[in-house]
Amino acid sequence: TTQFVNVEEIPTIHVAGLYPNPSNGLVNVVYNATSIADVRITVLDLNGRIMQTLPLSQAAEGYNVSQFDVTGYAAGVYLVNIQAGNSHLVQKLVVK
């Protein structure tokens, strides 16, 4: 006999980009999710200090856009950490 096991798809994300980059205001994070997933976006400085964490959001399968504000950040380079399930990506953001 053959048994079928329910296999849950592990969400994967691919970042299409951050724009505008460099920025001094609102930043858009565009990403593609292979399945519905809870996505957490965290902005860190180069010392690893968390500048902000966006509320956990549920991404639809396909292209999604999240937005955050860097007004008031000091000029410099920051890291944008995007996590969905076991998928984890980091993008560089320049604040001017």
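## Asn64 in strand 6

In this predicted model, Asn64 belongs to strand 6, which covers residues 62-69. Asn64 has a relative accessible area of 12%, and because the cut-off for a buried residue is under 20%, Asn64 counts as buried.

The side chain of Asn64 comes to 2.8 Å from the backbone oxygen of Gly62. Leaving aside residues up to four places away in sequence, Asn64 is in contact with Val29, Val30, Tyr31, Ala33 and Ala59.

## Cis peptide bonds between strands 1 and 2

Strand 1 spans residues 13-19 and strand 2 spans residues 26-33, and the loop between these two strands holds Pro20. Pro22 is located in the loop between strand 1 and strand 2 as well.

Each of these prolines follows a cis peptide bond. The bond joining Tyr19 and Pro20 is cis, with omega at about -10 degrees. From Asn21 to Pro22 the peptide bond is also cis, and here omega is near 15 degrees.

## Overall fold

The protein has 8 strands and 0 helices. In sequence order the pattern reads β-β-β-β-β-β-β-β.

Considering contacts between residues at least 6 apart in sequence, 54% join residues that are at least 24 apart.

## Burial and surface

The protein has 96 residues, and 39% of them count as buried; Asn64 is one of the buried residues. The accessible surface of the protein is about 6000 Å². Carbon and sulfur atoms account for 51% of that surface.

How values were computed: Residues are numbered from 1 along each chain as its sequence is written. This is a predicted model: local features need pLDDT of at least 70, side-chain atom pairs count only at pLDDT 80 or more; totals for chains, interfaces and linings use all residues. Side-chain values use heavy atoms; hydrogens and water are left out. Helices (H or I, at least four residues) and strands (E, at least two) are DSSP runs, numbered from the N terminus. Buried means under 20% relative accessible area, exposed over 50%, partly exposed in between (1.4 Å probe, protein chains only). Contact means heavy atoms within 4.5 Å. Accessible areas come from the Shrake-Rupley method with a 1.4 Å probe; for residues, only the protein chains shown count as cover. A polar contact is a pair of N or O atoms within 3.5 Å; within protein, one must be able to donate a hydrogen and the other to accept it, and residues adjacent in sequence count only if both atoms are side-chain atoms.
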